[in-house]
Amino acid sequence: MTPFLVSDKWYDIRDLGNLSRALLDAADKILPGGVVYVLAALIGFVASFLLFVLPSQLIIGVYGERRIIGRMQSRLGPNRVGPFGLLQPIADAIKLIQKEALTPTQADRVVMYIAPIIFVMPAVLLWAVIPFGENMVIADIPVSLMYFLAVSALPVIATFMAGWSSNNKYSLFGAMRIVSMAISYESPLVLALLGAVVMSGTISLSGMVAWADQYTIWMVFVQPLALVIYFICVSAELNRTPVDIAEAESEIVAGYLTEYSGMKWGLFYGMDIGYALAASGFAATVFLGGWTLFGLEKWVPGWMIFIGKTHLFYFLFIWTRGTLPRLRADQLMAFAWKFLLPLGVFNLLIVSTERMLWAEQDYAKGLIYVFALVNIVLSVGLVYAWARFNGYRPERTPTRPRLVKQAGGYIPVGERP
Amino acid sequence: MTGIIKSEPFVINIGPQHPSTHGVFRIKATVDGEKVIDAEMVMGYLHRSMEKLAEERTYTQNIPFTDRTDYLSSMSNNLGYCLAVEKLAGIEVPPRGNAIRVIMAELQRLASHCMAVGAFANDTGAWQTPVMWAFREREKILDIFEVTSGARLTCNYMRIGGVAFDLRPEFEPMVRRILRDFPPFIDEMEGLLSENEIFIARTRGVGVLTPEMAINSSLSGPMLRGSGIAWDIRKADPYCGYEQYDFDIPIGYNGDSYDRFIVRLEEMRQSLKIIQQALDGLPGGPFRTEVPLALRPPKGEAYARIESPRGELGYYLVSDEGPSPYRFHIRPPSFINLSALKEMTVGGTVADAIVVLGSIDIVVGEIDR
């Protein structure tokens, strides 16, 4: 076994790659030339499906989400197919594949057909730059944060294509909404991440993990406001409730997905979860210290810690989905421009000042904890103050009606009944 | 030609098949972008000609018809119809019958408001959680109906002169359990929705109904009370002995969707208060006056009205001394409340229109009859 083991750690996932390479080398000697390339592609597909798509996307994403939301709604959730209903996502997938993928006669057939395919590609590409563990990153490029932001903006094009080509008014509504929302929310998102970038001084995701490890502090404590803004913006971009206005089912039926059915719809649905997981993984890397856990990574595999953190963050998405109502499109835009953007600018101002002070102190390790404390207090104060400034007055909203004893006519507000 | 982007309003059909129309109802909305500039209601998809059919059946046979008008509050509909027949024929109901009717009508109000509040939350986009919670509580009430009348939804429990059966021994503990379990649930709903910033942002100032508009459109029920008008048939024109119970009328502030929502929540509290009093003072004796099966009321007409969960529910009957009514007419609260929809939706966005429709709390079976 030793020739293809990378390290003496049993859990190192890179061993699988070496194992498959040894297998392929052996196969190359037996099989005629060229076949081995097909074999390699097949092994790669099966392995990535078994390792990433199946456990993370289908089981945790679909099954876990439905199960947790079921519990929140005081019902059971899927529990019929397989043990504890674990095979439910697979049963769903089989059902979707069997279904006919309808295309309306008046639709733009080509665009409608390729939209789900374009939607899927970035979801896979996003994982290329996220470090799963030490050295376990497919493409450790120095500008990986920018790469992630750029690629994660691509699916908007696919959703707009889907909405436009369906030739349905509800779909058009959804498409219009998602484009306007993506434009609005991209700027506060980048501003929030800029805070993290300024603080850590790097734009590479591996570098950010190393920063968190070096100073033994997670970025979320130093930049709490950035995480909040990131979470809201990314919810908006991913169309998750409370901000799922592009497929608001109670208003515009299913938004851009109205005319989709069968596996074409299934790709959109599955990849929505894929994007949410990728965004969670990104947040875990930038804000929660990635695969490190204050020294525990020496005992527990780093990729386990990383997946744990990713799903912890993903739970936030499920939680908000299970509790909050949806905002209106215009309120959502106003929120982005009037609330999140100024807060992002304030945050950037604060973090730049702190970074300057920190540089003057030769990056003393103790100072970062002071900054963390200051920033947590400042964030809470800033959010509250800015909300008050924008007219947030909860005490002026009576949440209980007035009570009267006698039937009569109109009783004006302020008059004692 | 280049450089000019033309835009024009277009018509969008909200319904008849739409997740938020609560049945087969359709709004033909003309929209300019997201803004609704004209709205036209199209109804009648569920018309079953009940009022005409009722003229061919005896007075007792008509009771199940009333179940199927407002299928979410069948007890109230039974009650309204039976009151009208009793008024027409001059039949007295024994006190126990009246108390049972009050308990049943108030339980029905709880069940119906559960549905209204949950569905309204669903329309604002709270992804099914409030509606599932509300259904959980509603099930307990439907269980009580099943124990008493044998049916959960279309109960057919009221009879001319009283109720169909006496209460079973399981009834009282079950109602006591409702009285115990319901206040925490209402608090929970308040915590989840009434105090939720997003919910307030979505419903405050949406679909504002001024008091003048509400009265001119002849609205009733929570719609009217949401606009700040203290009007409740149970207080203004008491029936079934409502005058002996102590309860308040909740009224709103400025008549928006939020006010209607909190009025409904508070009405649930008041209903619990009434049930408590009625159950504690439940008189003995007969639960029904014996009435001939083929009832032939004297010539004349009668109009009886009750406060159904949706508003003033009236039944108008004309008798020509035959075994079946000469004329049978229903004043459905949903239908009349819906008449203000256009005023409330035009000027808002599509999302607002859905919220307004949800806040009216329509039941299409009652609109189309």
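**A tour of the two chains and the domains of chain A**

Begin at A:Val404, whose bridge partner is B:Ile249, a residue in strand 6 of chain B. The model on screen is a predicted one.

Extend the selection to the two strands around this pair. Strand 1 of chain A covers residues 402-404, and strand 6 of chain B covers residues 249-251. The two strands run antiparallel, and 3 bridges join them.

Next, display the whole contact between the chains. Chain A contributes 42 residues to it, and chain B contributes 51. On the side of chain B that touches chain A, select helix 7, residues 197-203. This helix gives the most to that side, with 5 residues. Now colour the side of chain B that touches chain A by residue class: 27 of its residues are nonpolar, 13 are polar and 11 are charged.

Hide chain B and turn to the domains of chain A. Select residues 2-94 for domain 1 and residues 110-389 for domain 2. A distance of 25 Å separates the C-alpha centres of these two domains.

Then select the contact between the domains of chain A. Domain 1 supplies 14 residues and domain 2 supplies 13. Which helix should be picked out on the side of domain 1 that touches domain 2? Select helix 2 of chain A, residues 35-72, from which the largest share of that side comes, 9 residues.

Finally, colour the side of domain 1 of chain A that touches domain 2 of chain A by class. Here 8 residues are nonpolar, 4 are polar and 2 are charged.

Conventions
Residues are numbered from 1 along each chain as its sequence is written. Chains are lettered from A and ligands numbered from 1 in the order in which they are written. This is a predicted model: local features need pLDDT of at least 70, side-chain atom pairs count only at pLDDT 80 or more; totals for chains, interfaces and linings use all residues. Two residues are in contact if their C-beta atoms, placed from the backbone, lie within 7 Å. Helices (H or I, at least four residues) and strands (E, at least two) are DSSP runs, numbered from the N terminus. Ala, Val, Leu, Ile, Met, Phe, Trp, Tyr, Cys and Pro count as nonpolar, Asp, Glu, Lys and Arg as charged, and the others, Gly among them, as polar. Two strands pair if DSSP finds at least two bridges between them. Domain bounds come from an automatic or database domain assignment.
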